[in-house]
Amino acid sequence: MCGLFVLIFPLIFPCLFTPFTHASPYTFSEWNVPKPRHLRLLRSALQRERLTGEQSDLWAPLADQGWRPYLGSVNAPSLPQKSEGYLQVFLDGGLNQQRMGICDAVAVAKILNATLVIPHLEVNPVWQDSSSFMDIFDVDHFMNVLKDDIPIIKELPDEFSWSTREYYATAIRGTRIKRAPVHASANWYFENVLPVLQSNGIAAISPFSHRLSFDNLPSEIQQLRCKVNFKALVFVPHIRALGDALVHRLRYPPGQSHASSTDNLRQTTNQNGKQNPQKFVVLHLRFDKDMAAHSACDFGGGKAEKLALAKYRQTIWQGRVLNSQFTDKELRSQGRCPLTPEEVGLLLAALGFDNNTRLYLASHKVYGGEARISTLRKLFPLMEDKKSLASSAERVHIKGKASLLAAVDYHVGMHSDIFVSASPGNMHNALVGHRTFENMKTIRPNMVLLGQLFLNKNISWSQFRQAVVEGHQNRQGQLRLRKPKQSIYTYPAPDCMCHA
């Protein structure tokens with residue numbers, strides 16, 4: 001009877017238990033999104049008018065900057081007759097971090113005159129995606145493009161079949177190189193990996209992320225890295241087909257509801273109507289829970305949100321987040337806070353994009369979900385994503401696969417008129433570099449400027465708009481030469497491009 005009374009007591013007197021509901025200041029659900037933080041700017045942005053001249057400048061293709069892709073001589077030297085052994089690498093991180101790791105693995109195999117085993121992609125601890133290299137990339141195309149550069153095999157011969165991820169996880173092994181330094185030099189590989197190859201016929205490097213220097217390498221190695229990134233790595237056919245279909249629907253939006261079947265996919269992809277192609281922007285909205293927590297910034301959810309993100313941050317990173325030592329004002333003034341969907345919308349509106357702009361949202365999981373995105377959707381009602389453009393049947397092969405979802409977004413991003421990334425990261429770096437290589441327009445938000453502008457609660461829309469336009473005049477795809485220690489994948493010139 002006592003147990004029954006305990007169970008029904010909260011139902012009889014619910015008011016006594018309200019402090020323990022979502023209304024409590026000490027609990028927080030990321031789905032209870034706070035009101036807009038920049039209401040004055042938002043109201044003005046919603047009333048903005050379309051300016052024809054401004055629009056034409058905004059959508060104009062990037063001018064020819066006089067640089068061309070250069071990936072070395074067509075008459076490449078023939079492969080050495082004897083390989084030093086088999087090289088295995090185990091790549092962690094998300095899709096784009098793994099992509100860069102694959103490029104580095106090819107370069108290391110070339111440096112060591114080794115045979116590369118198709119890289120193993122680790123299961124991402126955040127997204128729990130177990131997709132393999134062959135699930136994401138066209139492996140036959142990869143091997144064919146690089147056949148004159150290094151020998152590549154899909155699987156190890158039977159005599160080395162014991163060399164697996166599980167084998168290296170159970171004990172210390174003589175064939176595993178565990179302590180490869182970040183941005184190691186070519187000499188480090190000669191001194192530490194080549195002897196293992198020569199003694200055992202195989203070497204496995206794990207972990208292998210950012211494990212090759214960007215400096216002091218022969219030009220042919222640098223060009224090989226770009227060849228892998230921009231030519232050898234293409235997605236599997238079904239990813240490209242879905243990406244092409246989404247691009248087509250963005251360019252030629254149907255007059256009725258979006259496709260709801262695979263048959264509709266073929267119809268909208270193959271139609272040759274008289275409709276003029278429309279331009280569209282791809283926005284990579286990097287605003288997930290990990291990003292929000294790691295930034296240590298305030299996103300308007302009050303004390304409860306701060307406590308919830310702090311707890312999550314401690315659980316994942318155990319106090320190793322340096323940002324948590326600074327105030328929100330300090331972080332924002334330094335441009336270290338990711339832009340919220342609301343802030344990204346205000347940026348795009350200030351740049352001149354109006355409510356007729358077709359916007360494709362490239363993101364996995366947005367912190368706060370649709371409620372957080374709603375303000376951005378008010379500013380850009382023609383915003384689309386994978387779910388709105390393709391049916392569940394068309395998305396069945398990528399459902400729940402973070403790497404495949406990101407691959408589709410990458411493909412669409414490479415076919416857009418303009419690409420915008422809300423905050424720096426691997427997707428941002430990869431697409432900025434790839435679009436630079438192809439001389440395509442890419443807007444890079446000025447994070448320091450925007451952080452300072454959003455701190456000013458008294459700024460008017462005209463002041464905000466003028467500051468944003470002036471602060472982004474030279475951040476729309478203008479080529480930047482790589483400096484020492486910078487990534488060749490983000491800055492492919494001058495290593496992999498030549499001045500015409």
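**Entry 1: the largest pocket**

I began with the largest pocket, which holds about 1000 Å³ of space, and I note at the outset that I am working on a predicted model. There are 37 residues in the lining, and I listed Gly 94, Trp 127, Arg 286, Asp 288 and Asn 426 as the closest to the centre of the pocket. I then looked up which elements give two or more residues to this lining, and found H4, helix H13 (289–295), H19 and H20. The element that gives the most is H19, with 5 residues. Sorting the lining by class, I recorded 14 nonpolar, 16 polar and 7 charged residues.

**Entry 2: H4 against H20**

Since H4 and H20 both appear in that lining, I looked up how they pack, and found an angle of about 55° between H4 and helix H20 (residues 426–437), with the axes 7 Å apart. That angle makes H4 oblique to H20, and I noted the crossing as left-handed. On the H4 side I found Asn 96, Gln 97, Arg 99 and Met 100, which meet Asn 426, Met 427, Asn 429, Ala 430 and His 434 of H20. By class, I entered this contact as 3 nonpolar, 5 polar and 1 charged. Asn 426 of H20 thus stands in this contact, and I had already listed Asn 426 among the residues closest to the centre of the largest pocket.

**Entry 3: H4 against H19**

I next turned to helix H4 (residues 95–112) and helix H19 (residues 402–413), whose axes lie 9 Å apart at an angle of about 80°. The two helices are therefore roughly perpendicular to each other. I traced the contact to Leu 95, Asn 96, Gln 98 and Arg 99 of H4, with Ser 403, Ala 406, Ala 407 and Tyr 410 on the side of H19. I counted the residues of this contact as 4 nonpolar, 3 polar and 1 charged. Asn 96 and Arg 99 of H4 are in the contact with H19, and I find Asn 96 and Arg 99 in the contact with H20 as well.

**Entry 4: H16 against H17**

For helix H16 (residues 341–351) and helix H17 (residues 369–379), I found that the axes come within 7 Å and cross at roughly 15°. H16 and H17 are therefore roughly parallel to each other, and their crossing is right-handed. I wrote down Pro 341, Glu 342, Gly 345 and Leu 346 from H16, and Arg 372, Ile 373, Thr 375, Leu 376 and Leu 379 from H17, as the residues that make the contact. Divided by class, the contact has 5 nonpolar, 2 polar and 2 charged residues.

**Entry 5: the cavities**

Finally I looked for cavities of 30 Å³ or more, and the count came to 2. The largest has a volume of about 90 Å³, and I found its lining to consist of Val 432, Thr 436, Met 440, Thr 442, Arg 444, Gly 477, Gln 478, Leu 479, Arg 480, Thr 490, Tyr 491 and Pro 492. I classed these lining residues as 5 nonpolar, 5 polar and 2 charged.

The second largest cavity has about 40 Å³ of space, and I listed Arg 332, Gly 335, Cys 337, Leu 339, Glu 343, Met 447, Leu 450, Gly 451 and Phe 454 as its lining. Helix H21 (residues 447–455) gives the most to this lining, with 4 residues, and by class I recorded 5 nonpolar, 2 polar and 2 charged residues.

Notes. Residues are numbered from 1 along each chain as its sequence is written. This is a predicted model: local features need pLDDT of at least 70, side-chain atom pairs count only at pLDDT 80 or more; totals for chains, interfaces and linings use all residues. Side-chain values use heavy atoms; hydrogens and water are left out. Axes are lines fitted to C-alpha atoms, for helices over the stretch in contact, and angles run from 0 to 180 degrees between N-to-C directions. Angles under 35 degrees count as roughly parallel, over 145 as roughly antiparallel, 65 to 115 as roughly perpendicular and the rest as oblique. A crossing is left-handed if the near helix is turned anticlockwise from the far one by less than a right angle, and right-handed if clockwise. Contact means heavy atoms within 4.5 Å. Ala, Val, Leu, Ile, Met, Phe, Trp, Tyr, Cys and Pro count as nonpolar, Asp, Glu, Lys and Arg as charged, and the others, Gly among them, as polar. On a 1 Å grid over the protein atoms alone, a cavity is a set of points where a 1.4 Å probe fits but cannot get out, and a pocket is an open set with protein on both sides within 12 Å along at least five of seven lines; lining residues have an atom within 4 Å of a point. Grid points are joined across faces, edges and corners, and a volume is the space filled by probe spheres set on the points.
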